[in-house]
Amino acid sequence: MQGQEAVKEDDDEGPPPGWQPLPIPPPPSRPSSLAQMVCGSCRRLLSYPRGAKHVKCSCCQTVNIVLEADQVGQVKCGSCAVLLMYPYGASQVRCSSCRFVTEIGEQNKRPPLSVQQRKPAPSKTGC
């Protein structure tokens with residue numbers, strides 16, 4: 001029995017010689033380069049990698065065109081006054097809420113979002 005007790009003591013000493021634990025991989029991180037948009041058909045929030053030109057909605061299968069802030073115009077719907085976004089150069093836009101078609105004219109064009117968010121240039125003074 002003394003021989004068996006000696007074996008048990010050897011087992012409790014730790015891993016065998018030369019054994020090394022496997023490195024633990026870092027947890028998968030969410031890419032920081034994700035952007036979001038609302039599907040133009042079913043209005044679901046979609047996430048997509050930045051730089052994508054089209055995003056297919058997993059719910060309704062609609063292919064949505066991705067526009068950067070400097071490629072988008074804004075106008076209020078002529079019927080329900082919801083703020084609509086449209087690609088620059090469009091002559092009209094259909095409201096996704098009430099389906100009304102609003103003509104894009106000079107009287108209702110807004111500057112692109114990038115221009116609206118731009119800080120005003122500091123005034124030059126003779127100080």
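Which residues make up the largest nonpolar core of this protein? Let us keep that question in mind while we get our bearings. What you have in front of you is a predicted model, so everything below describes a computed structure.

Begin with the overall layout. The protein contains 2 helices and 8 strands. Followed from the N terminus, the order is α-β-β-β-β-β-β-β-β-α, with a helix at the start and another at the end of the series. Of the 127 residues in the protein, 17% are buried. The accessible surface amounts to about 10500 Å², and carbon and sulfur atoms account for 54% of that area. Among contacts with a separation of 6 or more, 22% join residues 24 or more positions apart.

Now back to the opening question. The largest nonpolar core has 8 residues in all: Ala35, Met37, Cys39, Leu46, Tyr48, Val55, Cys57 and Val66. Two elements give two or more residues each to this core, namely strand E1 (34-38) and strand E2 (45-49). Such a grouping fits a broader pattern: in soluble globular proteins, nonpolar side chains tend to be buried together.

Val55 is a good residue to stand on while looking around this core. Leaving out neighbours within four places in sequence, Val55 is in contact with Met37, Leu46, Tyr48, Thr62, Val63, Asn64 and Val66. Several of those partners, including Met37, Leu46, Tyr48 and Val66, are themselves listed in the core. Apart from the largest core lies another one, of 7 residues, with Val75, Cys77, Leu84 and Tyr86 among them.

Next, have a look at strand E1, where Leu34 has its place. Is Leu34 buried, exposed or partly exposed? Its relative accessible area is 31%, so Leu34 counts as partly exposed; the limits for that class are 20% and 50%. Beyond its neighbours within four places in sequence, Leu34 is in contact with Tyr48, Pro49 and Arg50. Leu34 and Gly51 are 17 residues apart in sequence, and their C-alpha atoms are 9.2 Å apart in space.

From there, move on to the loop between strand E3 (54-56) and E4, where two residues deserve a visit. Cys60 lies in this loop, and with a relative accessibility of 27% Cys60 is partly exposed. Not counting residues up to four places away in sequence, Cys60 touches Cys39, Ser41 and Cys42. Cys39 is one of the residues of the largest nonpolar core, which gives you a route from the loop back to where we started. The C-alpha atoms of Cys60 and Arg43 are separated by 9.7 Å, with their positions 17 residues apart along the chain. Gln61 is found in the loop between E3 and E4 too. Gln61 has a positive phi of about 70°, although it is not a glycine, and at 43% relative accessibility Gln61 is partly exposed.

Further along the chain come strands E5 (residues 72-76) and E6, which pair in the antiparallel sense over 5 bridges. To check the register by eye, find Gly73 opposite Tyr86 and Val72 opposite Pro87. In E5, 4 of the 5 residues are buried, so this strand is largely enclosed by the rest of the structure. Strand E6 (residues 83-87) has two contrasting faces: Leu84 and Tyr86 form the covered one, while Leu83, Met85 and Pro87 form the uncovered one. Both residues of the covered face, Leu84 and Tyr86, belong to the core of 7 residues.

The hairpin of E5 and E6 has 6 residues between the strands. Ala81 lies in that loop and has a phi near 70°, a positive value in a residue other than glycine. Its relative accessible area is 46%, so Ala81 is partly exposed.

Finally, which residues lie nearest the centre of the largest pocket? They are Met37, Val38, Ile65, Met85 and Tyr86, out of 30 that line the pocket. About 1000 Å³ of space lies in this pocket. E1, strand E4 (63-65), E6 and strand E7 (92-94) each supply at least two residues of its lining, and E6 gives the most, with 5 residues. Two of the central residues tie the tour together: Met37 is part of the largest nonpolar core, and Tyr86 is part of the core of 7 residues.

Notes:
Residues are numbered from 1 along each chain as its sequence is written. This is a predicted model: local features need pLDDT of at least 70, side-chain atom pairs count only at pLDDT 80 or more; totals for chains, interfaces and linings use all residues. Side-chain values use heavy atoms; hydrogens and water are left out. Buried means under 20% relative accessible area, exposed over 50%, partly exposed in between (1.4 Å probe, protein chains only). Contact means heavy atoms within 4.5 Å. Accessible areas come from the Shrake-Rupley method with a 1.4 Å probe; for residues, only the protein chains shown count as cover. Two strands pair if DSSP finds at least two bridges between them. A nonpolar core is a set of buried Ala, Val, Leu, Ile, Met, Phe, Trp, Tyr and Cys residues joined through side-chain atoms within 4.5 Å. On a 1 Å grid over the protein atoms alone, a cavity is a set of points where a 1.4 Å probe fits but cannot get out, and a pocket is an open set with protein on both sides within 12 Å along at least five of seven lines; lining residues have an atom within 4 Å of a point. Grid points are joined across faces, edges and corners, and a volume is the space filled by probe spheres set on the points.
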